[in-house]
Amino acid sequence: MPVQVVQVSPRVLKDSLPKSLREVGLQSLQLGRDYAEAYFQGTVVIFSQLTTLGNGTPFFKIVLQESENSSSTTTTINTLVFGKLAEDCAELIQQGDIVVVAGFGLAESVSGDSRHCCHLEASDEAGSTLYICPRSSSSQKASEIVAMHVAPKYSYTPLNELKGDTVVNLYGAVKFFKPPYVCKGTDYCSVVTIVDQSNTKLTCTLFHADRDTLPQIYRNGDIVRFHRLKVREFGGQMQGITSAGFAALTFDGTIGAPVIPRTSSKVFTFTDEDKKTVEDLRVWVESNLSNSAPAAKLFDIQPPMFFQLTCQVVGKAKVDGSSYLLKVWDGTKCPFPSWKVFVQEDDLEGDGNLIHQLRNLTVDILLYDNHVQLAKSLKVGSIIRLYSLHVKIYNSEEKPDVSYLQFHLHGGTGYGRGFTVLSESHTDAVELKAFLDTVDLTSNEHSEPSFPEFDTTYIPLGSRVDRFQQLSVTVLTDHQHLDVTALSTIINSRHPQQYRVRAKLRRFEPVKLHQSVKLHCPQCNCLQEVPDWPEVDLIIQETSASCSDPKLQSISFCESVVWDTENQGQRHVATHFVKHAEQTQKPENSLILLEGGMVKEMLKLSKRFKGIIPVRSTEGSLVLLDLSAPFFWQGNTQYYGCKHCSKPKTVSNLSFIAALKNPPWDPTTIAQALGIVLLQYVFLMKFILDDGTGSLDVYLMDCQNFFQIPASEVLTSNIFQEIMERIMQKLCPMGKNLDQLPWLECFIKSYYVKDETEEKLCYRIFDTAIAEDV
């Protein structure tokens, strides 16, 4: 245990240390010697706040004073603590505590203070251990070391009382989460949305170099405790991010389950008051929050579907650079033939005899892209939980009458996609292992798979309708528990609610698909057309036909130049290059403010620079153009602001972003700094659905989830436009009657819309996506 808190006298502490350790004083410290089996004892006189070094390593500094009877002329020494050891110490160290540093390194000090010319270095990697004797215990007598946790009094902030730019401690119940995944660089990332009894929601983006330090969440409804979470306001909402010293505990959210924290930390505080907080949250979760994602056993899956699977890994193998194979079982038998991925026997890790014995009970799952690295580290025998696992039916091109199931964990983290390893003590892991031990393997080992209506190798297409119904060209991404409701029932219901429907697409509007892209304000919900280039050019000409001041505005964080256009009546164009650390950046990293520019110039510059903001001069400052035109240009995409909800600020408000270490010149950050409410590109379409019992007009308003194509790029990409045309031709092929049309399975919700004279009941598609093979 790298950090031990002991409630004994200093004398008893010394006597109880491992006999292999020798004590060293300040006078005997010498560079070049090995202190792996030595210890230094001192009293804490000063300690710093926990910080993070440039490479992401936590860092904590303590100044220790040698005992009063020391013969050294210098009595204090800097002690530098790194990594997880630093995080643990920061939670426990108080002024006046007696600290023993065992197994340390010694390095020359460069601080230039009056303390010892060397400093101590302690870390987990060096095998260091710190024994902390709290000040209140230094005069106590005891016969042995009593390891215990100092319990400083922590205050916890309800989610509805959070304020920006603060560091807080809080409790919450998990409403949504993405299991830790490898992000850019070397860190792991996890996204967690939590709620509490105030019904306030907080989304937290958590980063750490150690995957186990992130909260070990297994399902929605788990309870989490976060210490030292930084809160910031972004886009009008509070968000949480990790800060120096961040720590997390996770608890099962089920009433009656043991209150045992899941954490990799060996040192943490947990009092009776904390236990009561967890139990109170459990009661609230029971009646206010679903604590489980859609889950299924292998024997009751209904493809195509996305679901959660808890299973044991019995084999694994690398397939190629972007995919990885897991052979898993849950003790039940999949009722349909499943795809067996071919790999060389030597490449398959696991007990070959057991894999052969379980061949009729295992399924092969392929994991892709960002999941591959984590899959490689899995141990055979682990109990894992896969989230948003996709099972679908595959039809062989060589044998049209052959079909079987495929299991995929697609790349990315959308809809919480990923997997996690359950701890051996987790209730679900214990129950699954106990169930697996009861499975009769001998009966399955000597029998080939047998399926009613099917032979042992394939599913006849004629029978698939009975077992799977007819295939849907869409997939459901949530709410798998809802049953299908007939459209006639929905039409006769006047109460707003959610439905699962299975119908066919008779027709859709608009027929010209590029006309379906609109601009939507998330605050006032207004919709507007995307202006075409002649219209945008006219708006820009009216508001900024030329640089109004060829002498330029003086902008502290920009370097500015003026150039004249050729053959355009000597039009002046001012370009303000935003500086970082008093220097201009490479074009691909540079933001520029363009004064007097036209559309063709902005299109050209936005392909070379990080982004373009069109501006005009007023007295003493630069301001944005009319919000009828894009306020930000980046690559092939133009970003608009809502004229009704935005409160534009001067461009000088960008200076604080320019001063950051890595300025995030993205649309959301820029919009927030300039007081702009960012409009979203959305698809807005009307589907006329028919299931044979009735016909219903349903609206689709979606950014990118339904088509899996970003609406913001459809207007500028011929490829995306062609993909959309192919998708809609598949959903609603021309010249086909209703019987020949494919089925769409989707979720719709009903809601009332008020106009000047009446309320109208409308319907909208949600949590539905086009199937990947479409």
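This report walks through a predicted model of a protein chain, from its overall make-up to a few local details.

## The chain as a whole

Let's begin with the broad picture. The protein chain contains 15 helices and 37 strands. Of its 774 residues, 50% are buried. The area that the chain exposes comes to about 37400 Å², and carbon and sulfur atoms supply 48% of that area.

How does the chain meet itself? Take the contacts between residues at least 6 apart in sequence: 65% of them join residues at least 24 apart.

## A closed barrel

One feature to look for is a closed barrel of five strands, which runs in the order β11-β12-β13-β15-β14 with mixed pairing. From one strand to the next, the twist averages 50°.

Within this barrel, you can follow β14 and β15 side by side. Strand β14 covers residues 223–234 and strand β15 covers residues 237–251; the two pair in the antiparallel sense over eleven bridges. To find a single bridge, start at arginine 225, whose partner in β15 is leucine 249. Helix α3, made of residues 272–288, packs on the sheet. This helix touches β11 (166–182), β12 (188–195), β14 and β15, and its direction makes about 55° with that of β11.

## Aromatic rings that meet

Now for the side chains. The model has 14 aromatic pairs. One of them brings together phenylalanine 683 and phenylalanine 707 in an edge-to-face arrangement, with 5.1 Å centre to centre and 70° between the planes. These partners come from distant parts of the chain, 24 residues apart. Phenylalanine 683 belongs to strand β33 (residues 680–690), while phenylalanine 707 lies in the loop between β34 (695–702) and α14 (711–714).

Are these two rings' residues buried or exposed? Phenylalanine 683 has 0% relative accessibility, so it counts as buried. Phenylalanine 707 also counts as buried, because its relative accessibility is 3%; the cut-off for buried is under 20%. The pair has further company: ring pairs link Phe683, Phe687, Phe706 and Phe707 into a cluster.

## A charge over a ring

Another side-chain detail involves lysine 749 and phenylalanine 766. Where does the charged end of lysine 749 sit? You will find it over the ring of phenylalanine 766, 5.4 Å from the ring's centre.

Technical notes
Residues numbered from 1 in each chain as written. Predicted model: local features only at pLDDT ≥ 70, side-chain atom pairs only at ≥ 80, totals over all residues. Heavy atoms only, no water. Helix = DSSP H or I, 4+ residues; strand = E, 2+ residues; numbered from the N terminus. Buried < 20%, exposed > 50% of the residue type's maximum accessible area, 1.4 Å probe, protein only. Contact = heavy atoms within 4.5 Å. Areas by Shrake-Rupley, 256 points an atom, 1.4 Å probe, with all protein chains shown as cover. Phe/Tyr/Trp six-rings, centres within 6.5 Å; stacked < 30°, edge-to-face > 60°. Lys NZ or Arg CZ within 6 Å of the ring centre and 35° of its normal. Pairing = 2+ DSSP bridges. Axes fitted to C-alpha atoms, helices over the stretch in contact; angles between N-to-C directions.
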